[in-house]
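Welcome, and please open the structure in your viewer. We will go from one selection to the next, with a short stop at each.

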Amino acid sequence: MPVFYDTHAPLDYPDFAEELPQVLARAEAAGIANVISIGTDFESSRQAIALAEQFPNVLAAVGWHPSNVTEAPEDIRSPLRELARHPRVAAIGETGLDYHRLPSTSPGSGASEDVRYKARQAELFRQHLEIAADLGLNCVIHQRDSLEDSLAQFQPFAARVRGVFHCFANDAATMRRVLALGSLVSFTGILTFKNGQNLRDTLAATPLDGFMLETDCPYLAPVPYRGKRCEPAYVKEISETAARVKGCSLEELSRATCATAEVFFRHLGA
Ligand SMILES: [Zn+2]
C-alpha cells in the first residue's frame with residue numbers, strides 16, 4: 001500500500017479528544033504513516049508534544065496561530081525556543097498572517113484596530129521565523145487574504161528557513177513565487193471539491209517535488225466526506241485525486257511527497 005503523511009493536523013482539537021487512538025489507527029490502516037500535530041498556541045503546542053511522546057506515528061509542530069495573536073504574550077521567543085528544543089518537535093508553526101476576519105468587521109472597531117492587529121501578527125510571525133532560523137527548523141506558514149504581506153515578511157528569512165505555505169489555495173504564479181523562495185506548498189481536500197478546478201490546475205503546474213499533502217482536519221474533509229469532520233486517514237482520498245491530477249501512480253506520488261516531507265520536517269522518517 002502506498003504510504004503518505006498528514007503534514008498538518010491539529011490533533012489536540014476537542015473534535016478528536018474522544019477517540020484519538022481510533023483516529024490514528026484509522027490513519028495507519030489507510031497508509032498514513034505519520035501525522036504532524038500542529039500547535040496553535042502554547043497550550044496546544046504542549047499538547048502536540050504530549051501526543052508525539054505518546055504515539056510513535058505523531059510528531060509535533062510548535063507555534064502560535066495568527067488568528068490567536070491577541071491572546072499571545074508580547075515576546076514568545078524564549079518559551080517557543082524551549083518548546084522547539086523537544087526531541088519530538090519537527091517544525092515551527094503554525095504561524096503567519098490571517099486577514100480574513102479583521103477587527104473592523106465587528107461593530108465598534110475600525111481601521112486603527114486593523115492596523116494594530118496586523119502589526120501584532122507581523123511581530124509574532126517574525127519571532128517564529130527568528131526562532132526557526134536559530135534552531136535550524138523549518139516553518140509551517142498560514143496565509144489567508146494576506147499573500148503579499150506574508151511573502152514580503154518571509155523573504156528576508158528565506159535563505160535560512162524553509163516555509164510550507166500550508167492549505168495552499170492560490171494560483172500557479174503564486175506557487176512559483178513560493179517555490180522560488182526555496183519553500184513548499186501543501187494541498188488539502190479542497191483538491192477533491194467540485195469547485196476545486198483552479199486548485200487542481202495549480203497542482204498540475206507544481207513540480208512533483210514541490211508539494212506535500214495535508215488534511216488541515218477537522219476542516220476541509222475531501223469528497224466523499226465533504227462537510228463531515230475530517231481526519232488524517234482522508235489523506236488517502238486527497239492522494240488519489242492528486243495522483244490523477246499529476247498523471248502519476250500512487251507509488252510515485254508517495255515516494256515524492258514523503259521524500260519532500262522527510263527533508264522538510266525534522267525527525268520524520270528517521
Ligand atoms: Zn492554517
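Start with the largest pocket of this predicted model, which has a volume of about 690 Å³. To place yourself inside the largest pocket, select Asp98, His142, Arg144, Cys167 and Asp216, the lining residues that lie nearest its centre. Then extend the selection to the full lining, which comes to 25 residues. Two elements give two or more residues each to that lining: β4 (89–98) and β5 (139–144). Colour β5 next, since this strand gives the most, with 3 residues.

If you colour the lining by residue class, what do you get? The lining of the largest pocket divides into 11 nonpolar, 8 polar and 6 charged residues.

Now select the zinc ion. Which protein atoms are its donors? Show Glu94 (OE), His142 (ND1) and His166 (NE2) as sticks: these donors lie 2.1 to 2.2 Å from the zinc ion. Along the chain, the donors follow the spacing E-x47-H-x23-H.

Keep the two histidines selected and look at where each one sits. His142 is in strand β5, while His166 is in the loop between β6 (163–165) and α7 (172–180), so the pair ties together parts that are 24 residues apart in sequence. You have met His142 already, as one of the residues nearest the centre of the largest pocket.

For the last stop, turn on the surface. Are these two histidines buried or exposed? His142 counts as buried because its relative accessibility is 13%, under the 20% cut-off. His166 is buried too, with a relative accessible area of 5%.

Conventions
Residues numbered from 1 in each chain as written. Predicted model: local features only at pLDDT ≥ 70, side-chain atom pairs only at ≥ 80, totals over all residues. Heavy atoms only, no water. 1 Å grid on protein atoms, 1.4 Å probe; cavity = no way out; pocket = protein on both sides within 12 Å on 5 of 7 lines; lining within 4 Å. Points joined across faces, edges and corners; volume = space filled by probe spheres on them. Helix = DSSP H or I, 4+ residues; strand = E, 2+ residues; numbered from the N terminus. Nonpolar A, V, L, I, M, F, W, Y, C, P; charged D, E, K, R; others polar. Donors = N, O, S within 2.8 Å, 3.2 Å for Na, K, Ca; no water. Buried < 20%, exposed > 50% of the residue type's maximum accessible area, 1.4 Å probe, protein only.
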